[in-house]
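Good morning, and thank you for joining. I would like to present the enclosed spaces of one structure, and then a strand and its neighbours.

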Amino acid sequence: MGKKPEQLWTAPAREILRADPDSPIADLDRNGTPGFIGKKADGKRQLEERGAVLAELQELLYANGRSGDERSILLVLQGMDTSGKGGMVRHVIGHVDPQGVDHTAFGVPTANEKRHHFLWRIEKALPRAGQLGVFDRSHYEDVLVARVDDLVPKKVWQGRYKEINNFEKELVNRGTTIVKVAMFVSLDEQKERLQERLERPDKYWKYSPGDVTARKRWPEYRKAYQAMLDRTNTDYAPWYVVPADRKWYSRIAVTELLIDAFERLDLDWPPADFDIEKEKRRLAAS
Ligand code: ATP
């Protein structure tokens with residue numbers, strides 16, 4: 001008999017993966033599996049078992065949303081190319097009913113988006129009541145690529161950390177639980193994943209020459225990611241740092257973080273807003 005999922009974690013993922021100012025990302029073992037004592041096969045099994053739990057919790061949130069509960073959950077995924085954001089959406093979010101998911105991938109802003117404040121397109125994509133929102137990249141690009149590639153003056157991106165914190169605080173006050181996940185892949189593992197994209201016709205579409213350009217700017221990106229973690233790791237919207245060289249690990253880690261966020265909403269099935277006995281009689285007579 002294998003161990004139960006909870007026996008394979010030495011402590012809750014929420015505690016182990018919480019961004020910590022005393023543990024800079026430069027020191028992060030990106031191949032590590034912090035807090036998880038199982039092997040890959042255990043991880044794969046766990047993903048299925050806990051994915052089913054996640055699906056039920058999401059249905060609870062959806063049901064409550066239909067009954068007037070305003071709350072929602074927003075998963076923010078940030079990471080360099082090949083860190084596995086897309087796979088996270090397929091393999092973790094893929095467990096839940098797509099009706100309950102508001103998913104948005106943020107690419108280079110369109111001409112129209114560029115005419116607006118950087119949070120304009122984010123506002124429009126926020127999850128509705130009862131929904132699980134998923135951001136594949138996010139407003140954090142505006143303090144990452146915008147900073148590294150000098151897309152705006154320093155004064156502008158520097159002011160954005162505070163703007164983001166204020167924005168997220170408001171969001172939390174309106175009933176959204178924000179789960180922010182920064183995924184970190186090692187330079188070597190990234191190279192292998194990019195190589196695969198160049199060797200397999202079914203992966204060519206995922207490759208973009210800009211990915212190699214970004215590799216050259218790795219140290220600047222690391223600095224930008226560190227600043228992001230340092231400046232926006234708030235109590236109301238904390239960051240979680242997830243090593244991403246082992247995809248099976250990052251997927252179960254995020255599954256746990258989401259389950260935890262759902263459980264903290266302390267949801268129950270909404271009571272019937274009709275007379276159950278009367279409806280049973282009406283149905284029997286119909
Ligand atoms: P991915 O690399 O996420 O799999 P992709 O290569 O298909 O996606 P897109 O999703 O179209 O590309 O866009 C991702 C790119 O958009 C990234 O290079 C990212 O840095 C850039 N981007 C996202 N948001 C912004 C922003 N606010 N300003 C500038 N560039 C941005």
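Let me begin with the largest cavity, whose lining consists of Ile25, Arg30, Met80, Phe184, Trp218, Tyr221, Arg222 and Tyr225. Please note that this is a predicted model, in which local features need pLDDT of at least 70 and side-chain atom pairs count only at pLDDT 80 or more, while totals for chains, interfaces and linings use all residues. Residues are numbered from 1 along each chain as its sequence is written, and side-chain values use heavy atoms, with hydrogens and water left out.

As for terms, a cavity is a set of points, on a 1 Å grid over the protein atoms alone, where a 1.4 Å probe fits but cannot get out; a pocket is an open set with protein on both sides within 12 Å along at least five of seven lines; and lining residues have an atom within 4 Å of a point. Grid points are joined across faces, edges and corners, and a volume is the space filled by probe spheres set on the points.

The volume of the largest cavity is about 60 Å³. Which helix gives the most to its lining? That is H10, residues 218-232, with 4 residues; helices (H or I, at least four residues) and strands (E, at least two) are DSSP runs, numbered from the N terminus. By class, this lining has 6 nonpolar, no polar and 2 charged residues. Here Ala, Val, Leu, Ile, Met, Phe, Trp, Tyr, Cys and Pro count as nonpolar, Asp, Glu, Lys and Arg as charged, and the others, Gly among them, as polar.

The whole structure holds 2 cavities of 30 Å³ or more. The second largest has a volume of about 30 Å³, and its lining includes Lys3, Asp42 and Glu49. That lining divides into 2 nonpolar, 1 polar and 4 charged residues.

Turning to pockets, the second largest contains about 260 Å³ of space. Among its 18 lining residues, Arg18, Ala19, Asp20, Ser23 and Val241 lie nearest the centre. H10 and S5 are the elements that give two or more residues to this lining.

Finally, the strands. In S4, residues 176-184, 8 of 9 residues are buried (under 20% relative accessible area, 1.4 Å probe, protein chains only). S4 pairs in the parallel sense with S1, residues 72-79, over 8 bridges, where two strands pair if DSSP finds at least two bridges between them. S4 also runs parallel to S5, residues 239-243, joined by 5 bridges; there, Met183 has Val242 as its bridge partner.

Definitions and conventions:
Buried means under 20% relative accessible area, exposed over 50%, partly exposed in between (1.4 Å probe, protein chains only).
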